[in-house]
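Dear colleague,

I am handing over the structure below, and after it you will find an account of what was found in it. Please read the text with the structure open beside you.

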Amino acid sequence: MPAVDVVLFLGVLPLALSAQDPAPFPPPRMEPPIVTPGKTSADPPSDALILFDGKSLAKWRSGDGSAAKWQVRDGYMEVAPGTGDIQTADPFGDCQLHIEWATPSVVKGEGQERGNSGVFLMGHYEIQVLDSYNNKTYFHGQAGSVYKQYAPLVNASRAPGQWQSYDIIFRAPRFDEQGKAIERARVTVLHNGVLIQNNVAIFGNTYHDRPAVYTVHAPLEPLRLQDHGNPVRFRNIWIRRL
Ligand code: MG
């Protein structure tokens, strides 16, 4: 029996090896730049831009370009309902974004009316912010959804009032000269460290009342946070350009 085993083994080996031949690609020429990581993975690394440090809305504007009107206190900003969305003064495209948020600890409303806000990548593509802790709504509208396009893979929500995080890796869409989207935007999202969107291809602007469609925009656009009428809080916002 051992002799037969050896013969079989030798017979299969050349095939297995040829399937693993190295592909003819060149080795990388650039040494990866050094980035000093933060103290924890929630802290900004050395090449991050700090968008909100808990003290000032200097990096944010209202939609009309005037000063952002949300409240800042005790290290966080809070939606001042009725003052409108706010957006970054600087525009961004491909990026890694860290953002922390908390829905009101006093639970009010149901479904989409409970702790609703949103992180609009490039001002067009919403990652939903919602109190989805014991709060039913349509699946592609709960916390961590790509709004009305993709439900999160799991519901990793913490209780209302608790701080939660999104870590978002985003690739902007590419448009041709005629303004046609030739490459869809893609996004990966971790909610409280749990993967909830795995490199999904976004279908276009995340409208609430009509089908998603791409509308041509600049390669870099401001990041926008939504005023949906609920006093949702944000803190520790940083971004890395990719
Ligand atoms: Mg929203």
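The secondary structure of this protein, which is a predicted model, comes to one helix and 15 strands. As for overall dimensions, the C-alpha atoms fill a box of roughly 80 × 40 × 40 Å along the principal axes, and the radius of gyration is 22 Å, whereas a compact globule of 242 residues would have one near 18 Å. Of the 242 residues, 30% are buried. Among the contacts with a separation of 6 or more, 61% are between residues 24 or more positions apart.

Turning to the sheets, you will find an open sheet of five strands in the order β2-β5-β14-β7-β8, with antiparallel pairing. Its edge strands are β2 (60-62) and β8 (125-129), each of which pairs on one side only, and the twist from one strand to the next averages 30 degrees. Within this sheet, strand β7 (residues 117-121) and strand β14 (residues 221-225) run antiparallel and are joined by two bridges; Val119 has Leu225 in β14 as its bridge partner.

Another set of pairings is built around β9. This strand, residues 164-171, has side chains that alternate: Gln164, Tyr166, Ile168 and Phe170 point to one face and are buried, while Ser165, Asp167, Ile169 and Arg171 point to the other face and are not buried. Strand β9 pairs with β6 in the antiparallel sense over seven bridges, and it is joined to strand β12 (residues 186-191), again antiparallel, by six bridges. Ile169 is a useful residue to look for here, as it stands opposite Gln96 on the β6 side and has Thr188 as its bridge partner in β12.

The largest nonpolar core has 40 residues, and those with the most contacts inside it are Val119, Leu121 and Val187. Strand β6 (residues 95-102) gives the most to this core, with four residues. If you centre the view on Val187 and leave aside its neighbours within four places in sequence, you will find it in contact with Leu121, Val146, Ile168, Phe170, Gln197, Val200 and Ile202; of these, Ile168 and Phe170 belong to the buried face of β9 described above.

Three individual residues also deserve a careful look. Which residues is Thr103 in contact with, once its neighbours within four places in sequence are left aside? They are Gly115, Asp131, Pro160 and Val232. Thr103 has its place in the loop between β6 and β7, and it counts as buried because it has 29 C-beta neighbours inside 10 Å, where 20 or more are required. The C-alpha atoms of Thr103 and Gly115 are separated by 4.9 Å, although the two residues are 12 apart along the chain.

The other two residues, Asp74 and Asn199, each have a positive phi without being a glycine, with values of about 50 degrees for Asp74 and about 55 degrees for Asn199. Asp74 lies in the loop between β3 (71-73) and β4 (76-78), and it counts as exposed because it has 8 C-beta neighbours inside 10 Å, with the limit for exposed residues set at 12 or fewer. Asn199, for its part, has its place in strand β13 (residues 194-201), and it is exposed, with 11 other C-beta atoms within 10 Å.

With kind regards

Terms used
Residues are numbered from 1 along each chain as its sequence is written. This is a predicted model: local features need pLDDT of at least 70, side-chain atom pairs count only at pLDDT 80 or more; totals for chains, interfaces and linings use all residues. Two strands pair if DSSP finds at least two bridges between them. Axes are lines fitted to C-alpha atoms, for helices over the stretch in contact, and angles run from 0 to 180 degrees between N-to-C directions. The radius of gyration is taken over C-alpha atoms; the globule rule is 2.2 Å times the number of residues to the power 0.38. Two residues are in contact if their C-beta atoms, placed from the backbone, lie within 7 Å. A nonpolar core is a set of buried Ala, Val, Leu, Ile, Met, Phe, Trp, Tyr and Cys residues joined through C-beta atoms within 7 Å.
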